[in-house]
Amino acid sequence: MLQTLRDKQLFAKFSKCEFYLREVGFLGHIVSAAGIEVDPSKISAIIDWKLPRNVSEVRSFLGLVDYYRRFVKGFSMIALLTEAPVLVQPESGKEFVVFSDASLNGLGCVLMQEGKVVAYASRQLKPHENNYPTHDLELAAILFALKIWRYYLFGEKFHIYSDYKSFKYLMTQRDLNL
């Protein structure tokens, strides 16, 4: 390796070099002969994250955990909960917020009111859903949420949030499938 550096006229500062290490921390990962894994300090950051109180904080948290999707088999946002959240009783007349997401493994959603979790749910994909394109999966997650929480949401004002940007153009499409 040192010869390659020399051949390419690159230089390394000896005081910043370490040799004969079994593992190296690099950009939030631990690199070793066994492979690349998540730095345990990043896991503790997820566990110690304060409960999100608004849409912006929920998005920040989802952005953090979404980065580590490739390290968790069968990843879903719900799978990252380290303990059951304290759920609050929903109140009629107060606005609800529904967050939904879909992955190649399942659908997940969270129902919130005034920044507090009312309910959450997830399920694996049904066999026929494995063939769905991304936009249909994302819509399936929304429908899943609306069906299971219809008793809370019927006649109430609510907002739905999805991370799928193409929904902006959904109502401009001439032909939509069922």
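Is Tyr120 buried, exposed or partly exposed, and what is its relative accessible area? The exercises below treat this residue and others in a predicted model.

**Exercise 1. Classify Tyr120 and locate its partner across the strands.**

Solution.
Step 1. The relative accessible area of Tyr120 is 32%. Buried requires a value under 20% and exposed a value over 50%, so Tyr120 is partly exposed.
Step 2. Tyr120 belongs to strand S6.
Step 3. Val110 stands ten residues from Tyr120 along the chain, and the C-alpha atoms of the two are separated by 4.3 Å.

**Exercise 2. Describe the surroundings of Gly108.**

Solution.
Step 1. Gly108 is placed in strand S5.
Step 2. Its relative accessibility is 15%; because buried means under 20%, Gly108 counts as buried.
Step 3. Between the C-alpha atoms of Gly108 and Ser122 there are 4.1 Å, although 14 residues separate the two along the chain.
Step 4. When neighbours within four places in sequence are set aside, the contacts of Gly108 are Phe99, Ser100, Asp101, Ala121 and Ser122.

**Exercise 3. State the secondary-structure inventory and the overall totals.**

Solution.
Step 1. The protein contains seven strands and five helices.
Step 2. Along the sequence these elements follow the pattern α-β-β-β-α-α-β-β-β-α-α-β.
Step 3. Of the 178 residues in the protein, 28% are buried.
Step 4. Consider the contacts between residues at least 6 apart in sequence: 52% of them join residues at least 24 apart.
Step 5. The exposed area is about 13,700 Å², of which carbon and sulfur atoms supply 57%.

**Exercise 4. Identify the nonpolar cores and the elements that build the largest one.**

Solution.
Step 1. A general tendency provides the background: in soluble globular proteins, nonpolar side chains tend to be buried together.
Step 2. Here the largest nonpolar core has 17 residues, and those with the most contacts inside it are Val98, Leu107, Cys109, Leu111, Trp149 and Leu153.
Step 3. At least two residues of this core come from each of strand S4 (96-102), strand S5 (106-113), strand S6 (116-124) and helix H4 (134-148).
Step 4. H4 provides the largest share, five residues.
Step 5. A second core, separate from this one, has six residues, including Val58, Val97, Met112 and Val117.

**Exercise 5. Determine the geometry of the Phe99 and Tyr161 pair and what the pair connects.**

Solution.
Step 1. The search of the whole structure returns three aromatic pairs.
Step 2. In the pair of Phe99 and Tyr161, the ring centres are 5.4 Å apart and the planes meet at 20°. Planes under 30 degrees apart count as stacked, so this pair is stacked.
Step 3. Phe99 is in strand S4 and Tyr161 in strand S7 (residues 158-162); the pair therefore ties together parts that are 62 residues apart in sequence.
Step 4. Phe99 has a relative accessible area of 12% and is buried, whereas Tyr161, with 28%, is partly exposed.

**Exercise 6. Assess the cysteines: how many disulfides are found, and how accessible are Cys17 and Cys109?**

Solution.
Step 1. The search of the whole structure finds zero disulfides.
Step 2. Cys17 has a relative accessibility of 29% and counts as partly exposed.
Step 3. Cys109 has a relative accessibility of 1% and counts as buried. Cys109 is also among the residues with the most contacts inside the largest nonpolar core.

**Exercise 7. Characterise Glu129 and the environment of Arg123.**

Solution.
Step 1. Glu129 is located in the loop between S6 and H4.
Step 2. With a relative accessible area of 5%, Glu129 is buried.
Step 3. Apart from neighbours within four places in sequence, Glu129 is in contact with Arg123, Leu137 and Ala140.
Step 4. Arg123 in turn lies over the face of Phe144, 5.4 Å from the ring centre.

**Exercise 8. Examine the positive phi values of Gln9 and Tyr20.**

Solution.
Step 1. Gln9 is not a glycine, yet its phi is positive, at about 55°.
Step 2. Gln9 sits in the loop between helix H1 (2-7) and strand S1 (23-26), and its relative accessibility of 64% makes Gln9 exposed.
Step 3. Tyr20, also a residue other than glycine, has a positive phi near 60°.
Step 4. Tyr20 is likewise in the loop between H1 and S1. Its relative accessible area is 85%; since exposed means over 50%, Tyr20 is exposed.

How values were computed: Residues are numbered from 1 along each chain as its sequence is written. This is a predicted model: local features need pLDDT of at least 70, side-chain atom pairs count only at pLDDT 80 or more; totals for chains, interfaces and linings use all residues. Side-chain values use heavy atoms; hydrogens and water are left out. A nonpolar core is a set of buried Ala, Val, Leu, Ile, Met, Phe, Trp, Tyr and Cys residues joined through side-chain atoms within 4.5 Å. Buried means under 20% relative accessible area, exposed over 50%, partly exposed in between (1.4 Å probe, protein chains only). Helices (H or I, at least four residues) and strands (E, at least two) are DSSP runs, numbered from the N terminus. Rings of Phe, Tyr and Trp (its six-membered ring) pair if their centres lie within 6.5 Å; planes under 30 degrees apart count as stacked, over 60 as edge-to-face and the rest as tilted. A charge sits over a ring if NZ of Lys or CZ of Arg is within 6 Å of the ring centre and within 35 degrees of the ring normal. A disulfide is a pair of cysteine sulfur atoms within 2.5 Å. Contact means heavy atoms within 4.5 Å. Accessible areas come from the Shrake-Rupley method with a 1.4 Å probe; for residues, only the protein chains shown count as cover.
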